[in-house]
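Subject: Structure handover

Hello,

Here is the structure I promised to pass on. Please open it alongside this note; my findings follow below.

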Amino acid sequence: MPIHLNDLDVISEVGGLSSALIVPCYICPAVTVAAREKKPFIQLFKHFLKSAPYEKYIKALQSRLKEHGVKTEVFKSIPYHHWFMCMWTSGKRKKLRKRVEDYDAAIVLGCDSANETVRDAVKSTDCKVIEGMFVSGIMNAEMKFYWPGNISFENCKIVPISNQDLRDGV
Ligand code: SF4
């Protein structure tokens, strides 16, 4: 099951900035938002492969940032194999590297690995990386299919990630 994430306070990080590129991972954060809102993750015949709760979440974030004087765009990932930010192709990473040059900040919606992908992309730019979410555990949930093409995650529990150092006796 995907990683479960919680929101971080992005607004407190954007003081003095006027533009930001929102860089969303489309797997764990999308499942997290759908599960916490108890809404379908995917409704194939309504939104095809877009997760409506996550799209709404991103739009709400954009509105809040706009109220604070920050213009935003979303770095989209349409093909399925680009949904996982931890496994982006080199082409996709290069594309991000080019896009971030035009923004004051990149707001990452994803786990530490997603943050790493973006940190790597902004290396030689002045773009600030803002973490929009943090890992709060691993999801344990029942995947349910409802006709005609809805996928939901129900009875969701958050399982803490065990500490590797402690297990190794360090
Ligand atoms: S980058 Fe992180 S949040 Fe995104 S799919 Fe990979 S593990 Fe999940």
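The residues of the shell around the ligand divide into 10 nonpolar, no polar and no charged. Bear in mind that this is a predicted model. The shell consists of Ile 3, Cys 25, Ile 27, Cys 28, Pro 29, Phe 84, Met 85, Cys 86, Cys 111 and Ala 114.

Helix H1

Two of the shell residues, Cys 28 and Pro 29, lead straight to helix H1, which spans residues 28-36. H1 is mostly covered, with eight of its nine residues buried. The buried ones are Cys 28, Pro 29, Ala 30, Val 31, Thr 32, Val 33, Ala 34 and Ala 35. What do they pack against? Their partners are strand E1 (3-7), H3, strand E5 (105-109), strand E7 (133-146) and E8. After H1 comes Lys 38, which has a positive phi, near 55°.

H1 against H3

Helix H3 covers residues 52-67. H1 and H3 pack at an angle of about 100°, and their axes are 8 Å apart. How is H1 oriented relative to H3? Roughly perpendicular, because angles of 65 to 115 degrees fall in that class. H1 contributes Pro 29, Ala 30, Val 33, Ala 34 and Arg 36 to the contact. H3 contributes Pro 53, Tyr 54 and Tyr 57. By class, that contact has seven nonpolar residues, no polar ones and one charged.

The sheet

Next, the strands. Four of them form an open sheet in the order E1-E7-E8-E3, with antiparallel pairing. Which strands lie at the edges? They are E1 and E3 (42-43), each pairing on one side only. E7 and E8 run antiparallel and are joined by eight bridges. Lys 144 stands opposite Ser 152 in E8. H1 packs on this sheet, where it touches E1, E7 and E8. The direction of H1 makes about 75° with that of E1.

Phe 153

One residue of E8 deserves a look of its own. Phe 153 sits in this strand, which runs over residues 150-159. Is Phe 153 buried or exposed? Its relative accessible area is 10%, so Phe 153 is buried; the cut-off for that class is under 20%. Phe 153 and Ser 18 are 135 residues apart along the chain. Their C-alpha atoms are separated by 37 Å.

Over to you.

Best wishes

Key:
Residues are numbered from 1 along each chain as its sequence is written. This is a predicted model: local features need pLDDT of at least 70, side-chain atom pairs count only at pLDDT 80 or more; totals for chains, interfaces and linings use all residues. Side-chain values use heavy atoms; hydrogens and water are left out. Helices (H or I, at least four residues) and strands (E, at least two) are DSSP runs, numbered from the N terminus. Buried means under 20% relative accessible area, exposed over 50%, partly exposed in between (1.4 Å probe, protein chains only). Axes are lines fitted to C-alpha atoms, for helices over the stretch in contact, and angles run from 0 to 180 degrees between N-to-C directions. Angles under 35 degrees count as roughly parallel, over 145 as roughly antiparallel, 65 to 115 as roughly perpendicular and the rest as oblique. Contact means heavy atoms within 4.5 Å. Ala, Val, Leu, Ile, Met, Phe, Trp, Tyr, Cys and Pro count as nonpolar, Asp, Glu, Lys and Arg as charged, and the others, Gly among them, as polar. A residue is near a molecule or strand if one of its heavy atoms lies within 4 Å of it. Two strands pair if DSSP finds at least two bridges between them.
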